[in-house]
Amino acid sequence: MILSIQKSIALSAFFLLIACGNSQDDGSGNVVTPDPSGAATYKVTEAFPGLKFNDPVELVNAKDGSNRLFVVEQAGTIRFFDAGQKPTSSTLFLDIKNKVKSGGEMGLLGLAFHPNFKTNGYFFVNYTRDNPRESVVARYKVNDPASGVADPQSETILLTYAQPYSNHNGGSVHFGPDGYLYVSTGDGGSGGDPQNNAQNLGLLLGKILRLDVNATDRGTYGIPADNPFRGKTDGTREEIYAYGLRNPWRISFDPATKKLWAGDVGQNAIEEIDIIEKGGNYGWRIKEADECFNPKNDCKESGLIDPVWDYTHANGDISITGGYVYRGSKLPGLVGKYIYGDYASGRIWALETADGAQAKNSLIVEKSSSLSAFGVDEQNELYLLDYSGGRIMTFAIEN
Ligand SMILES: [Ca+2]
Ligand SMILES: [Ca+2]
């Protein structure tokens, strides 16, 4: 049974599982769980019933006032529609299927619009390609604003990094409140990080990178002046912002606190949530969440940052899908809470943390769907993607 496949390839196992037609729940039935606060219960409903996508893995807005939502399809396309309408079709924004190697955990995985997208037309993607297998961070452009769509010939590659295995490619890209581009990379793959890539500061694998896309001191980008390893001459990659991550599949910024949140997919036992600090070492492969991993006992824990929350595989949970701190207005009971879920179980939680106080975690939806990503619109309202069903879902208050 594919569920017994090592967690080392959890995401690919599930993508395979879908491809094989195994009937993991498609999210048709939602079981509502009372919020322990007694304030509200939530259900997941289809946000745009007129739309369907192929293997959606990311949902973002352009912050350009257009109210559009952009959906990244894993095979290499991006489509958009007006979130304020009741759309019956979406528009093709970019098609780079001919460049992308897709399948399992590979594909077009991330999209971020330049903070000045409205005037410069720039946006950034992260995708995997073959021969040789590597990840690509690239810039594209909308050449003709009137058209509203991107020019597939406009690619400028910022950087590439080799992928020793097909899994654990991270792929999330976001602009921070500092205007720099943050890129999440996986540890390269296989299981247990056999090459210890995440702790190797000479490699871009198993890291959060930070790039200045408006500078050119590295050719097509620059190193921000306060990157933690800027100026190192011992082979340390100056792009690194934080390290020791396994597969931070989805990351996000809280626009209110400016904190960077990451859902880091675990190995065989524990899924974790990290708040990413500049220069921080998040432990992998020395630790899996707050437990020693390699070595199993008496690992050197000094200086490693533990997750702000973690969960085991005890209840059918297998692979975390990092979400967003909710800053919308439709769901007042969730404001300020980090909403995230598990790809396999479809369970969704709300996590509260306060400086100096212990985190409080509440299950808010018992079951959703094959949950590949969360996303927000220009009003910070929250959506989630049903990977196998190709649908965009959202939350509603049950009572
Ligand atoms: Ca890989
Ligand atoms: Ca960790």
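A pocket, as the word is used in these legends, is an open set of grid points with protein on both sides within 12 Å along at least five of seven lines, and its lining residues are those with an atom within 4 Å of a point. All views show a predicted model.

**View 1. The largest pocket and the residues that line it.** The largest pocket holds about 620 Å³ of space, and 28 residues form its lining. Of these residues, Asn61, Lys63, His174, Phe175 and Phe253 lie nearest the centre of the pocket. Several strands contribute to the wall: strand 2 (56–61), strand 6, strand 10, strand 14 (250–253) and strand 20 (320–325) each supply at least two residues of the lining. By residue class, the lining of the largest pocket comprises 15 nonpolar, seven polar and six charged residues.

**View 2. The open sheet that contains strand 6 and strand 9.** Four strands with antiparallel pairing make up this open sheet, in the order 6-7-8-9. Strand 6 and strand 9 stand at its edges and each has a single partner strand, so one side of each is left without a neighbour in the sheet. From one strand to the next, the twist averages 25 degrees.

**View 3. Strand 6 beside strand 7.** Strand 6, which spans residues 108–113, is mostly covered, six of its six residues being buried. Its antiparallel pairing with strand 7 (residues 122–129) extends over five bridges. Along this pairing, Leu111 stands opposite Val125 in strand 7, while Phe113 stands opposite Phe123, likewise in strand 7. Strand 6 is also one of the strands that supply at least two residues of the lining of the largest pocket.

**View 4. The site of the calcium ion (ligand 1).** The protein donors of this ion are Gln163 (OE1), Tyr165 (O), Asn167 (O), Asn169 (OD1) and Gly188 (O), which lie 2.3 to 2.5 Å from the calcium ion. Along the chain, these donors follow the spacing Q-x1-Y-x1-N-x1-N-x18-G. Gln163 and Gly188 link distant parts of the chain, 25 residues apart: Gln163 belongs to the loop between strand 9 (151–162) and strand 10 (173–175), whereas Gly188 belongs to the loop between strand 11 (181–184) and strand 12 (207–211). Because its relative accessibility is 3%, Gln163 counts as buried, and Gly188, with a relative accessible area of 0%, is buried as well.

**View 5. The site of the calcium ion (ligand 2).** Glu272, through two entries given as OE, and Tyr282 (O) coordinate this ion at 2.2 to 2.7 Å. The pair links distant parts of the chain, since Glu272 lies in strand 16 (residues 270–276) and Tyr282 in the loop between strand 16 and strand 17 (287–288), ten residues apart. Both Glu272 and Tyr282 are buried.

**View 6. The open sheet that contains strand 16.** Antiparallel pairing joins the four strands of this open sheet, whose order is 14-15-16-19. Strand 14 and strand 19 (309–312) are the edge strands, each of them pairing on one side only. Neighbouring strands of the sheet are turned by 15 degrees against each other on average, direction ignored. Strand 16 and strand 19 run antiparallel and are joined by four bridges, and Ile270 stands opposite Thr312 in strand 19. Two strands of the sheet also appear in other views: strand 14 supplies at least two residues of the lining of the largest pocket, and strand 16 carries Glu272.

Definitions and conventions
Residues numbered from 1 in each chain as written. Chains lettered and ligands numbered in written order. Predicted model: local features only at pLDDT ≥ 70, side-chain atom pairs only at ≥ 80, totals over all residues. Heavy atoms only, no water. Donors = N, O, S within 2.8 Å, 3.2 Å for Na, K, Ca; no water. Buried < 20%, exposed > 50% of the residue type's maximum accessible area, 1.4 Å probe, protein only. Pairing = 2+ DSSP bridges. 1 Å grid on protein atoms, 1.4 Å probe; cavity = no way out; pocket = protein on both sides within 12 Å on 5 of 7 lines; lining within 4 Å. Points joined across faces, edges and corners; volume = space filled by probe spheres on them. Nonpolar A, V, L, I, M, F, W, Y, C, P; charged D, E, K, R; others polar. Axes fitted to C-alpha atoms, helices over the stretch in contact; angles between N-to-C directions.
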